[in-house]
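Student: I'm new to this one. Could you take me through a close look at a single part?

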Amino acid sequence: MNIGIICYPTFGGSGVIATELGKALADKGHQVHFISYDQPVRIDAFTENLFYHEASFNDYPLFKYPPYESALTSKIVDIVKANNLEVLHVHYAIPHAAAAVMAKYILKREGISIKIVTTLHGTDITLVGKDKSFEPVVSYSLHESDVVTAVSESLKEDTYKYFNYGEPITVVPNFIDFKRFNKQPKDHFKKAIAPNGEKILVHTSNFRKVKRVPDVLDIYRKVCSEVPAKLLLIGDGPERMAVEEECRECDICKDVTFLGKQEAVEEILSVADLFIIPSETESFGLAALEAMACEVPVISTNTGGLPEVNIDGITGFTSDVGDIEKMGSDAIHILQDSNLAQFKKQAKEHSLKYKLENILPLYEALY
Ligand code: GMT
């Protein structure tokens with residue numbers, strides 16, 4: 001098939017899923033055309049059947065708010081016509097779904113039919129989308145999509161709760177490419193980080209408020225009161241500076257390493273003993289799944305789709321948002337030498353449910 005994928009090109013989960021999906025579809029012989037404002041981060045080399053088109057425009061002094069949505073719509077129209085696209089798969093509703101819907105109607109006037117699959121990823125519904133400034137547009141775009149999917153049961157329920165939308169929503173969970181996400185022998189790296197055999201805790205995020213990174217520090221400090229441990233923080237974002245300052249203030253800088261944005265997270269996850277994701281809201285928690293795929297158990301909140309991914313008492317533990325005490329003592333429990341190997345094994349086993357080969361056919365069937 002000829003498929004257009006509209007997504008954010010960044011390290012964020014929705015962009016990563018869209019990119020990996022496009023690569024896998026191209027591998028299977030579909031023609032895949034990415035349309036975005038930048039080259040998606042995980043498409044860095046020429047790949048057969050895979051194309052990238054930039055939605056860009058010249059700035060003009062009148063534009064206080066750059067009209068990206070219009071430029072994107074025009075680019076979609078152009079690429080659909082030039083490449084005979086049959087389906088547009090839109091990742092993250094805002095503003096991609098609205099742009100796709102407008103493109104559909106422009107094309108219709110020219111006698112060209114295109115189907116729209118909209119995949120909801122989380123904050124496009126739970127945080128940003130339900131806000132009055134976006135809600136009518138998101139609602140309309142959902143109605144005008146031919147298929148709507150959500151990455152978890154929880155996000156599906158949230159969509160029904162917050163939007164005037166009664167059509168079926170198909171849950172297609174996120175996936176992992178196990179060719180990439182596997183525990184790798186990185187003993188030299190482990191020795192460098194934890195020379196005295198300390199346990200290694202990892203957190204990955206975009207350091208936005210919703211990720212509650214200060215909670216990671218609190219949980220880490222509680223762990224350290226009983227288990228020697230090091231903490232690796234991967235990613236970057238608005239809260240990072242404050243978190244670094246907190247580390248300096250409580251004098252734990254030598255044990256906490258900020259690694260910034262990393263492409264090969266699987267190499268770091270390969271040396272980890274525990275992954276911490278204490279988010280306020282998380283419709284799926286791809287970062288937790290990536291950790292589990294590398295045999296790392298998870299301490300998470302029980303919000304949104306996290307309990308569907310992190311099975312309480314099996315792959316790790318889930319807790320109420322902000323319950324540092326419980327998250328800390330659960331972490332200590334997992335890190336005991338008598339428990340750790342079992343949790344690692346169970347985390348890996350559960351992650352296999354989400355292998356790419358299981359999920360790809362679900363999207364193909366929808367197309
Ligand atoms: O975090 C966001 O604001 C957007 C989005 C993204 O692009 O990373 O994240 C969401 O989509 C991911 C992929 O489906 C999910 O794993 C994340 O849980 C979800 N983030 C939130 O719900 C906060």
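Student: Is Cys294 buried or exposed? And could you then show me how helix α8 and helix α13 meet?

Tutor: Sure, and keep in mind that this is a predicted model. Cys294 counts as buried, because its relative accessibility is 0%. Cys253, on the other hand, is partly exposed, with a relative accessible area of 40%. Don't go hunting for disulfides, since the structure holds zero of them. For Cys253, the closest cysteine sulfur sits in Cys247, 5.6 Å away, and that's too far for a bond.

Now for the two helices. Packed helix pairs are described by the angle and the distance between their axes. Here, α8 covers residues 213-224 and α13 covers residues 324-335, and their axes come within 8 Å and cross at roughly 50 degrees. That angle is why α8 counts as oblique to α13. The crossing of the pair is right-handed.

So who's touching whom? On the α8 side you'll find Asp215, Asp218, Ile219, Lys222 and Val223. They meet a set in α13 made up of Ile324, Glu325, Met327, Gly328, Ser329, Ala331, Ile332 and Leu335. Sort that contact by class and you get seven nonpolar residues, four charged ones and two polar ones.

One last stop is helix α5, residues 135-144, where you'll spot Ser141. Ser141 is buried, as its relative accessible area is 3%. Setting aside neighbours within four places in sequence, Ser141 is in contact with Ala97, Ala98 and Val101.

Terms used:
Residues numbered from 1 in each chain as written. Predicted model: local features only at pLDDT ≥ 70, side-chain atom pairs only at ≥ 80, totals over all residues. Heavy atoms only, no water. Axes fitted to C-alpha atoms, helices over the stretch in contact; angles between N-to-C directions. Helix = DSSP H or I, 4+ residues; strand = E, 2+ residues; numbered from the N terminus. Parallel < 35°, antiparallel > 145°, perpendicular 65-115°, else oblique. Left-handed = near helix turned anticlockwise from the far one by under 90°. Contact = heavy atoms within 4.5 Å. Nonpolar A, V, L, I, M, F, W, Y, C, P; charged D, E, K, R; others polar. Disulfide = S-S within 2.5 Å. Buried < 20%, exposed > 50% of the residue type's maximum accessible area, 1.4 Å probe, protein only.
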